[in-house]
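Colleague: Please take a close look at one part of this model for me: the second largest pocket. Tell me what lines it, then place it among the other sites.

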Amino acid sequence: MKLIKWPLLIFSCLIGIVLFNTLSFTRDQIKLTPLLNNAPINKVAVATRLSKAIQHKTISYADISNRRPENFHQFHIFLAKSFPLLHENLIQKKINELSLLYKWQGTDDSLKPVLLMSHQDVVPVDQETKKQWLHPPFAGEISNDTIWGRGAIDIKSGVMGIMEAIENLLAQGYRPKRSIYLAFGHDEELGGEQGAKQIAKYLTAQKLSFEFILDEGGSIISDGVIPGIESSVALIGIAEKGYVSLKLTANASGGHSSMPPKHTALGEISQAIVNLENSPFPANLTYSKQLFNNIGPVMGTIKKAVFANMWLTEPIVEKILSASQTTNATIRTTTAATMAKGSSKDNILPSEASAVINFRIMPGETIKSVTHYVTDIINNPNIAIEPLAGFGNNPSSVSPSNNVNFQQLTQSIYRVTQDASMIVTPYLVVGGTDAKHYSNLSESIYRFAFNRFKPETLKQMHGINEQIKIDDYLDTIRFFREIIQATNE
Ligand SMILES: [Zn+2]
């Protein structure tokens, strides 16, 4: 009898804890406050200026021969004409000819400055997809209260939105206490080596340190971008993954393929790739847990119970997250075999075979630790492992989500949306942003561009029919105005 009772008791206790955790898994009531600055914004004028900005073909091409620096020069002239007060009151410095850095001198030099970032360049438009655009990609057409074209969301609306906000504040006679810097790189879509990296070098040489830095990398998503969530979710990136490509090379004696060894050099490389694919990096649920803590309370009962009891359900959650490509990328360093090479002819054994594996590195790991892990898994002294020449970067530092800067960011988002059902949450940025170059310039680096995405509009980023609703763009401007004022309250 006793043997049966004990398990029953433990089981009841477990159910009790799970129920208690689920029922007490709620979110704090959001108290909405009005905008700090409600001055009117001229809708037609700002939309027209963004439309014109889109017409400047500041395209980042991987192939140098396609690049057109003169388009960037023209864009700079356009900016100067469009924002006369800004160019009169802020100091401009060009870095590496095409990147732009501005300083708006504050009245109190004892306060740390703030840095607002964006980028001038856009990705090219695929020739094959040109016909699918409902409005030509570089015409900046305005139709149905929407501005169309490459850069509407990524991210001329950021460069222009910041400048509109400042021009508007200057027209109101506003002067910040903190100095405000603006940094607009010109090659973010190529990794930012010539732009953001050089701006960061310059700022470091000036011995500057920022109260916080704000770049793109998060947005407001809704309509099921996260399955099971009806309310909007504002994602603020607090960290981003690192990047490295490792080249694996195996050598062999070569010769004719009529009498091959058991494993050719290419076979050894293939085995190494299979081993790596079968041994994924360990999962790290730190960032997922933060996200689930915020979105869990508004989910359906079963999901809510799962996320409220991660002490019990973590292994299951890890399995589910690992199963999807999208969520897997948020919990571990990913392994992607992308290139391979053997001999030059079908009947020649390769005397050398190689492959390239691309890794997106989780915060907490480094290029070095990834290389160690890969070496251990491959466990073959005949395979040399080295980073592919070019660029690679360690993951960013992780910015706090419990400090005053994060709070101000959150409150500014709420003041603009006036949506108490919206959830604001920190998250991990899986792609790369220019902010990665600024790691040593601030402890608080956040990645959030005020924009609204649904599943279908998310595809427009780097895709076809990129567009922004004028009302959303107005909110982008309001958001930057709020952020500037909030940090100077
Ligand atoms: Zn971008």
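Modeller: Start with the lining of the second largest pocket, sorted by class. Seven of its residues are nonpolar, 11 are polar and four are charged. Keep in mind that this is a predicted model. The space in this second largest pocket comes to about 530 Å³. Its lining is made of 22 residues, and those closest to the centre are D28, I30, T410, Y414 and V424. Three elements each give two or more residues to this lining: α8, α13 (404-417) and β16. Among the contributors, α13 gives the most, with six residues. If you want one element to look at here, pick α13.

Now turn to the largest pocket. Its volume is about 1600 Å³. There are 45 residues in its lining, and V225, L235, T326, T330 and Y427 lie nearest the centre. The elements that supply two or more residues are α8 (286-295), α9 (301-308), α10 (310-323), α11 (325-331) and β16 (423-429). Look back at the second largest pocket: α8 and β16 were named there too. Sorted by class, the lining of the largest pocket holds 26 nonpolar, 14 polar and five charged residues.

Next comes the metal site. Which residues coordinate the zinc ion? They are H119, through NE2, D154, through an OD atom, and E216, through two OE atoms, at 2.0 to 2.5 Å. The angles between these four donor atoms run from 53 to 150°. A tetrahedral site needs all angles between 85 and 135 degrees, so the arrangement around the zinc ion is irregular. Along the chain, the donors follow the spacing H-x34-D-x61-E. The pair H119 and D154 links distant parts of the chain, 35 residues apart. H119 sits in strand β3 (residues 114-119). D154 sits in the loop between β5 (146-148) and α5 (156-171). Are these two buried or exposed? Both H119 and D154 are buried.

Finally, follow the chain into α5. S157 lies in this helix. Its relative accessibility is 4%, so S157 counts as buried. What does S157 touch, once neighbours within four places in sequence are left aside? Its contacts are L50, G151, A152, I468, Y473 and T476.

Notes. Residues are numbered from 1 along each chain as its sequence is written. This is a predicted model: local features need pLDDT of at least 70, side-chain atom pairs count only at pLDDT 80 or more; totals for chains, interfaces and linings use all residues. Side-chain values use heavy atoms; hydrogens and water are left out. Donors are N, O and S atoms within 2.8 Å of the metal (3.2 Å for Na, K and Ca); water is not among the atoms, so sites may look incomplete. Four donors count as tetrahedral if all angles lie between 85 and 135 degrees; four count as square planar and six as octahedral if opposite donors are over 155 degrees apart and all others between 65 and 115; anything else is irregular. Helices (H or I, at least four residues) and strands (E, at least two) are DSSP runs, numbered from the N terminus. Buried means under 20% relative accessible area, exposed over 50%, partly exposed in between (1.4 Å probe, protein chains only). Contact means heavy atoms within 4.5 Å. On a 1 Å grid over the protein atoms alone, a cavity is a set of points where a 1.4 Å probe fits but cannot get out, and a pocket is an open set with protein on both sides within 12 Å along at least five of seven lines; lining residues have an atom within 4 Å of a point. Grid points are joined across faces, edges and corners, and a volume is the space filled by probe spheres set on the points. Ala, Val, Leu, Ile, Met, Phe, Trp, Tyr, Cys and Pro count as nonpolar, Asp, Glu, Lys and Arg as charged, and the others, Gly among them, as polar.
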